[in-house]
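Hello,

Here is the structure you were going to look at. My notes on what was found in it follow below.

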Amino acid sequence: QVQLVESGGGLVQAGGSLRLSCAASGRTFTGDRMGWFRQAPGKEREFVATIRGSDSTYYSDSVKGRFTISRDNAKNTLYLQMDSLKAEDTAAYYCAAGAVASGGYLYWGQGTQVTVSS
């Protein structure tokens, strides 16, 4: 059974940093496309960042230059380094794995809350 478990969320002041982790179990995702998404209260889930292989990355315009997605294949873990956080980054953050041809994902974590105070 595949599980994705996020951690690292919390409360931080604007301008601060957090590092999210997503530990995968039940299957390895070495080299596969994985991603981070977020959902703020009252809004739809939105794309944040994706990684394929070790260095092919893509970011939403809203986080580009502030967030960095990376992975440790030996640990089967995905990361999201978030710097220069803004109040509008407040959301529940989800990792996703098991990419399918349509662009979606088969597996999702339970989410970790990030709250940025202004």
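In what sense do strand 7 and strand 8 pair, and over how many bridges? They pair in the antiparallel sense, over six bridges. Strands here are DSSP runs of E with at least two residues, numbered from the N terminus, and two strands count as paired if DSSP finds at least two bridges between them.

Before the rest, two notes on the source. This is a predicted model, so to speak of local features pLDDT must be at least 70 and for side-chain atom pairs 80 or more, while totals for chains, interfaces and linings use all residues. Residues are numbered from 1 along each chain as its sequence is written, and side-chain values use heavy atoms, with hydrogens and water left out.

**The four-stranded sheet**

Strands 7 and 8 belong to an open sheet of four strands, in the order 1-3-8-7, with antiparallel pairing. Strand 1 (3-7) and strand 7 are the edges; each has a single partner strand, so one side of each has no neighbour in the sheet. From one strand to the next the twist averages 15°, taken between axes that are lines fitted to C-alpha atoms, with angles from 0 to 180 degrees between N-to-C directions. Strand 1 is joined to strand 3 by five bridges, and the two run antiparallel. Within strand 3, alanine 23 is the residue opposite valine 5.

At the other edge, aspartate 72 faces threonine 77 of strand 8. Four residues lie between the strands in the hairpin of strand 7 and strand 8, and asparagine 76 there takes a positive phi near 55°. The side chains of strand 7 alternate: Phe67, Ile69 and Arg71 point to one face and are buried, whereas Thr68, Ser70 and Asp72 point to the other and are not. Buried means under 20% relative accessible area, exposed means over 50%, and partly exposed is in between (1.4 Å probe, protein chains only).

**Strand 4 and its partners**

Strand 4 is largely enclosed by the rest of the structure, because five of its six residues are buried. Its pairing with strand 5 is antiparallel, over five bridges, and arginine 38 has glutamate 46 of strand 5 as its bridge partner. These two strands form a hairpin with six residues between them, and glycine 42 in the turn has a positive phi of about 80°. Strand 4 is also joined to strand 9 by five bridges, again running antiparallel; there the bridge partner of glycine 35 is alanine 96.

Methionine 34 is in strand 4 and counts as buried, at 4% relative accessibility. Leaving out residues up to four places away in sequence, methionine 34 touches Phe29, Ala49, Thr50, Ile51, Ile69, Arg71, Leu78, Ala96, Ala97 and Tyr105, where contact means heavy atoms within 4.5 Å.

**The core**

The largest nonpolar core has 28 residues, of which Trp36, Leu80, Met82 and Tyr93 touch the most other members. Such a core is a set of buried Ala, Val, Leu, Ile, Met, Phe, Trp, Tyr and Cys residues joined through side-chain atoms within 4.5 Å. Among the elements that give two or more residues to this core are strand 3 (18-25), strand 4 (34-39), strand 8 (77-82) and strand 9 (91-99). With the same sequence neighbours left out, methionine 82 touches Gly16, Ser17, Leu18, Leu20, Arg66, Phe67, Tyr93 and Val114.

**Aromatic rings**

A search of the whole structure finds six aromatic pairs. Tyrosine 105 and tryptophan 108 make an edge-to-face pair, 6.1 Å centre to centre with 80° between the planes. Rings of Phe, Tyr and Trp (its six-membered ring) pair if their centres lie within 6.5 Å; planes under 30 degrees apart are stacked, over 60 edge-to-face, and the rest tilted. Tyrosine 105 is buried, at 12% relative accessible area, whereas tryptophan 108 is partly exposed, at 33%. Ring pairs link both residues with Phe37, Phe47 and Tyr58 into a cluster.

Two arginines sit over rings. Arginine 19 lies over the face of tyrosine 79, 3.9 Å from the ring centre, and the charged end of arginine 45 is over the ring of tyrosine 94, 4.2 Å from its centre. The criterion is NZ of Lys or CZ of Arg within 6 Å of the ring centre and within 35 degrees of the ring normal.

Regards
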